[in-house]
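Trainee: Could you pick one part of this model and take me through it slowly? I'd like to follow who sits beside whom, and then how that part relates to the rest of the chain.

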Amino acid sequence: MFDGYDSCSEDTSSSSSTDESEEEVSPLPSSLPIIKNNGQVYTYPDGKSGMATCEMCGMVGVRDAFYSKTKRFCSVSCSRSYSSNSKKASILARLQGKPPTKKAKVLQKQPLVAKLAAYAQYQATLQNQAKTKAAVPVEGFSWGNYINSNSFTAAPVTCFKHAPMGTCWGDISEGVRVEVPNTDCSLPTKVFWIAGIVKLAGYNALLRYEGFESDSNLDFWCNVCGSDIHPVGWCATSGKPLVPPRSIQHKYTNWKAFLVKRLTGAKTLPPDFSQKVSECMQYPFKTSMRVEVVDKTHLCRTRVAVVESVIGGRLRLVYEESEDKTDDFWCHMYSPLIHHIGWSRSIGHRFKRSDITKKQEEHFDAPPHLFMKVKEVDTAGEWFKEGMKLEAIDPLNLSAICVATIRKVLADGYLMIGIDGSEAADGSDWFCYHATSPSIFPVGFCEINMIELTPPRGYAKLPFKWFDYLRESDSIAAPVKLFNKEVPNHGFHVGMKLEAVDLMEPRLVCVATVTRIIHRLLRIHFDGWEDEYDQWVDCESPDLYPVGWCQLTGYQLQPPAPPQTSRDSQSSSSKQKKKAKSQQYKGHKKMTSLQLKEELLDGEEYSFLQGASDQESNGSASYYIKQEP
């Protein structure tokens with residue numbers, strides 16, 4: 001094992017370098033376009049009492065129905081689009097040593113009359129930006145420095161079964177020894193030394209060279225799945241020299257004996273570790289495959305799209321009718337939003353036929369077995385029916401759980417859901433959830449778990465009470481027993497760091513934190529951003545990743561928003577952290593949400609288990625227990 005050890009001496013007068021030292025960020029080239037704010041000048045009030053003008057899209061509406069305390073935007077889509085542009089411009093400017101600019105120009109006002117139209121406007125804005133802007137450089141962000149300076153804890157890789165090595169991470173933990181390049185060396189050739197894992201943060205490990213004992217001066221962060229980390233013994237089999245760091249070279253006279261003593265009984269990586277990593281990085285989806293995916297402008301239907309690229313299992317899908325390939329949609333290959341060709345027809349889902357009469361020769365349909373399978377359900381007995389009420393995460397505002405209605409029952413357990421009080425007359429903003437989806441809940445879920453439920457827009461009888469609402473609407477609640485109540489042993493804890501997709505702008509993967517855990521439901525907060533941008537996500541969502549996933553797969557990581565951005569123009573009140581019981585609804589022109597009280601619904605009595613609010617709730621458990629007479 002130690003045949004790779006090389007006791008050759010080196011010139012101690014040469015300057016040493018460490019992986020821990022930060023590289024200076026080179027100035028950005030002058031040719032790189034700066035991403036400017038794409039919003040309109042903040043113009044409200046416009047002379048009309050109680051009216052406001054959306055700073056992003058120009059919509060004029062009732063001020064009280066506008067989004068956030070500052071009432072600058074008509075919807076969360078406009079706010080996100082405006083803020084995202086401002087964030088990127090500020091980051092670029094900061095890397096250039098310039099203060100962020102706040103230039104904007106007044107565009108012609110375009111009236112939008114529904115939240116779906118606002119969403120379409122937001123998506124169109126992203127497509128226009130993609131033609132000219134460059135990716136936001138993140139050379140200034142280091143996960144290692146971020147975690148060290150704040151004593152953060154990261155979610156372990158085993159929490160992410162869909163991520164590389166998520167199911168075969170094994171016993172990799174603190175104390176494991178590995179062979180890594182020796183950077184404290186002035187030899188002209190690449191040499192190695194043994195290091196131990198001091199701390200783990202997702203894929204990243206804080207390493208310390210053997211022989212430094214409690215000295216952390218040369219500690220450095222490295223991605224465990226990277227090409228420069230090897231199990232102990234690799235140097236011997238590969239003919240690579242093991243050379244002690246120059247700083248401690250004369251500490252021992254017999255380094256081979258030292259290593260034998262230190263490594264006896266120690267753990268190292270499996271011999272086939274790098275092979276497993278390579279296998280996990282192979283993805284079944286290939287470019288030019290055709291799939292059915294949700295239409296981002298009309299959520300009630302699907303469209304045909306073609307896989308343009310695959311990065312870390314994430315697919316960039318280009319809608320088939322997009323000639324310039326800018327009309328795209330990002331999602332993971334295990335996303336419930338994509339399906340095989342013919343899926344929509346098989347279950348009765350709405351589908352937009354392509355204007356292209358003949359598919360291109362190089363395009364081919366993705367095999368059905370590549371897609372994520374849903375749990376089979378028995379619809380023969382008591383089942384969901386049209387008109388039943390429930391609670392659901394709003395797909396256009398993932399920070400809110402809303403009063404919702406089953407609008408249509410499809411085949412194979414799929415349901416079309418509408419948000420009460422904000423639906424389009426033609427049902428174009430209904431969205432499809434499977435009956436086993438962790439994003440739909442029985443009536444009373446928010447109440448027992450101390451989550452604010454968003455009442456229907458325009459509902460005047462506040463505080464909202466389910467019992468009264470069901471009676472007034474002459475409707476019934478969906479039976480509790482039909483919902484998915486499984487809670488996996490997910491391993492997440494409040495405060496853990498991770499990398500998460502901003503599902504309102506799904507091409508972005510951001511630095512994020514778990515701030516609440518309700519059974520299997522996670523509240524994801526994007527670091528550096530206000531709580532109003534938080535999102536409810538399932539613990540098994542394929543849009544959550546371990547720390548270091550972007551580095552491993554080559555995906556662009558969005559760092560925390562800098563402290564000085566154009567968001568400073570908002571009033572100070574919008575920057576204050578809102579308490580849970582007074583938090584304002586952050587959705588598309590909807591009313592504020594109020595906490596509900598538990599009621600007896602649907603003619604049956606249920607006793608509810610108290611939710612594990614702000615705690616981890618691992619293992620199988622039921623949300624609800626029916627109370628027998």
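Mentor: Let's start with β6, residues 204–209, which runs antiparallel to β7 and is joined to it by four bridges. One of the pairings to click on is Leu207, whose bridge partner in β7 is Phe220. Keep in mind that this is a predicted model.

Now zoom out to the sheet around that pair. It is open and has five strands in the order β7-β6-β5-β4-β8, paired antiparallel. The edges belong to β7 (220–223) and β8 (230–231); each has a single partner strand, so one side of each has no neighbour in the sheet. As background, strands of a sheet pair through backbone hydrogen bonds, in a parallel or an antiparallel sense.

Two helices lie across these strands. Helix α3, residues 143–150, lies across β5 (192–201), β6 and β7, and its direction makes about 130° with β7. Helix α5, residues 255–263, lies across β4 (177–181) and β5, at about 30° to β5. If you're scripting a view, β5 is a handy reference strand, since it lies under α3 and also under α5.

Leu207 turns up again when you look at side-chain packing. The largest nonpolar core has 76 residues, and Leu207 is listed with Trp169, Phe273, Phe492 and Ile524 as having the most contacts inside it. That core takes at least three residues from domain 2 (165–280) and at least three from domain 5 (496–558). There is also a second, separate core of 59 residues, with Phe384, Leu390, Ile406 and Leu470 among its members. In soluble globular proteins, nonpolar side chains tend to be buried together.

The part I'd compare with β6 is β9, residues 289–295. This strand is mostly covered, with seven of its seven residues buried. What does β9 pair with? One partner is β10 (298–311), antiparallel over six bridges, and a hairpin of two linking residues connects β9 to β10. Another is β13 (338–339), also antiparallel, over two bridges. Then there is β15 (364–365), which runs parallel to β9 and is joined to it by two bridges.

Individual residues make those pairings easy to find. Glu292 stands opposite Val304 in β10, and on the β13 side Glu292 stands opposite His339. For the parallel pairing, pick Arg290, whose bridge partner in β15 is Asp365.

Between those two in sequence is Val291, also in β9. Is Val291 buried or exposed? It counts as buried because its relative accessibility is 0%, and the cut-off for buried is under 20%. Setting aside neighbours within four places in sequence, Val291 is in contact with Phe285, Arg303, Val304, Ala305, Leu317, His339, Ile341, Ala366 and Phe371. Two names on that list should ring a bell: Val304 is the residue opposite Glu292 in β10, and His339 is the one opposite Glu292 in β13. As for distance, the C-alpha atoms of Val291 and Asp365 are 6.5 Å apart, although 74 residues separate them along the chain.

Just ahead of β9, have a look at the backbone. Ser288 sits in the loop between α6 (273–280) and β9, and its phi is near 80°, a positive value in a residue other than glycine. Lys325 also has a positive phi, near 60°; it sits in the loop between β11 (314–319) and β12 (328–332). Lys325 counts as partly exposed because its relative accessible area is 44%. A third spot for your backbone check is the cis peptide bond joining Leu462 and Pro463, with omega about 0°. Pro463 is in the loop between β21 (453–454) and α9 (466–472). For context, most residues other than glycine have a negative phi, and most peptide bonds are trans.

Finally, the whole chain. It has 10 helices and 29 strands, and 55% of its 629 residues are buried. Among contacts with a separation of 6 or more, 67% are between residues 24 or more positions apart. The chain exposes about 28100 Å², of which carbon and sulfur atoms supply 50%.

Terms used. Residues numbered from 1 in each chain as written. Predicted model: local features only at pLDDT ≥ 70, side-chain atom pairs only at ≥ 80, totals over all residues. Heavy atoms only, no water. Pairing = 2+ DSSP bridges. Contact = heavy atoms within 4.5 Å. Axes fitted to C-alpha atoms, helices over the stretch in contact; angles between N-to-C directions. Buried < 20%, exposed > 50% of the residue type's maximum accessible area, 1.4 Å probe, protein only. Core = buried A, V, L, I, M, F, W, Y, C linked by side-chain atoms within 4.5 Å. Domains from an automatic or database assignment. Areas by Shrake-Rupley, 256 points an atom, 1.4 Å probe, with all protein chains shown as cover.
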